[in-house]
Amino acid sequence: MDYYSLKMRASQQIGEGDQKREQHISGAERIVSREAVEAVCSAMARRALTHSKGDPDFINIKIEKVCEKDIQILKALPVTRVDVDSWQQGLDKAFELIDKAVFSCHPREGENTGSLKDFRKKLPELLRETFPMRGAMLYDIATGERLEPNHERGVRATYMDALRSSDVDSQKNHFNEAIVLATKVANAPGMVAELCISDDPEYVTGYVASKELGYVRIMKMKEMGDENGGRIFLFDSRKAKAEECIEYLQKKKVLVDTQL
Ligand code: WAQ
Ligand code: MG
């Protein structure tokens, strides 16, 4: 069977003169059968044109054929959910889970010593740094360095979709898309964990994910109406090469089996 990859990104010019820059509005990735290409393409255009972040003046939709033999099938991460009373509590919970994932990579270090302690303090600041980015921050927990080739853009995971998905919704289903992305990311070489908060102002649920933790939905991670969000991919350079990890995130074609 022939598959096609579709990628959409939409942006808007903001600011004047020297301050002029591109503001990311919307992006989407699909891998679908030939019959679904036209419908998915028009749904993507509609999605870009009706996004809550604004009216885009640039929309790019790229369509490429994908060989079935190049596609890796992955089982979706198991999903759990954490209810919280406030977004502050949600963020704390997320940081706690990230600590747990990072700590398991530093077994010889005491809970409150050395680089792990520094990392805890740094995490909220790292998260803020992701807010203007279109992709994710790739952070090396072994060295404390950022590994994205372009810090402003970040690294984007692409070429992924849910297996057997034929829906052509122009309305984004945040959870369905996130479980696909998180499953691909968790399977990348050297990946330790992912932290995600949507940049969509009306979507306050986020998650922490890793192969060990699974996909942990945290029901509130920011204030309603806040359009700051971002992703951090926590990577360990003692486990794999950064180039291998980036290559997997950006190039490997993945379909995620979400049926349990
Ligand atoms: N690769 C890397 N980073 C990305 C990608 C990608 N393909 N797509 C988005 N990002 C980054 C980018 O910086 C965005 O600003 C940020 O993540 C948030 O993206 O279980 O909607 O698409 O209900 O707004 C979580 C669902 C939804 C939780 C997350 O993210 C749940 C969401 P958004
Ligand atoms: Mg968004």
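**Aromatic contacts and ligand environment**

In the predicted model, Lys253 is placed over the face of Tyr159, 4.5 Å from the ring centre. A second arrangement of this kind involves Lys184, which lies over the face of Tyr248 at 5.6 Å from the centre of the ring.

Contacts between aromatic rings were examined next. Such a pair is described by the distance of the centres and the angle of the planes. Three aromatic pairs are found when the whole structure is searched. One of them joins Phe175 and Tyr215 in an edge-to-face arrangement, with 5.6 Å from centre to centre and 80° between the planes. Because Phe175 belongs to helix H4 (residues 174-186) and Tyr215 to strand E11 (residues 214-218), this pair ties together parts that are 40 residues apart in sequence. With a relative accessibility of 24%, Phe175 counts as partly exposed, since the range for burial ends at 20%. Tyr215, in contrast, is buried, its relative accessible area being 3%. Together with Tyr207, Phe175 and Tyr215 make up one aromatic cluster.

Tyr215 also belongs to the surroundings of ligand 1, a shell of 26 residues in which Lys172, Asp199, Tyr203, Tyr215 and Arg217 are the closest. Several secondary-structure elements contribute to this shell: H4, strand E9 (191-197), E11 and strand E12 (230-235) each provide at least two residues. The largest share is that of H4, with four residues. Helix H4 and strand E11, which hold Phe175 and Tyr215 respectively, are thus both represented in the shell around ligand 1.

Polar side chains approach the oxygen atoms of ligand 1 at several points. For Tyr203, a side-chain N or O atom is 2.6 Å from an oxygen atom of ligand 1. The side chain of Arg217 likewise places an N or O atom 2.6 Å from an oxygen atom of the ligand. For Asp200, the corresponding distance between a side-chain N or O atom and an oxygen atom of ligand 1 is 3.3 Å. Ligand 1 exposes 700 Å² when taken alone, and 95% of this area is buried by the protein.

Asp200 has a further role in the description of the metal site. The protein donors of the magnesium ion (ligand 2) are Asp199 (OD) and Asp200 (OD), at 2.0 to 2.2 Å from the ion. Asp199 and Asp200 are both buried. Asp199 is in addition among the closest residues to ligand 1, while Asp200 combines its position as a magnesium donor with the polar approach to an oxygen atom of ligand 1 at 3.3 Å.

How values were computed:
Residues numbered from 1 in each chain as written. Chains lettered and ligands numbered in written order. Predicted model: local features only at pLDDT ≥ 70, side-chain atom pairs only at ≥ 80, totals over all residues. Heavy atoms only, no water. Phe/Tyr/Trp six-rings, centres within 6.5 Å; stacked < 30°, edge-to-face > 60°. Buried < 20%, exposed > 50% of the residue type's maximum accessible area, 1.4 Å probe, protein only. Lys NZ or Arg CZ within 6 Å of the ring centre and 35° of its normal. Donors = N, O, S within 2.8 Å, 3.2 Å for Na, K, Ca; no water. Near = heavy atom within 4 Å. Polar contact = N/O pair within 3.5 Å; in protein donor to acceptor, adjacent residues only side chain to side chain. Areas by Shrake-Rupley, 256 points an atom, 1.4 Å probe, with all protein chains shown as cover.
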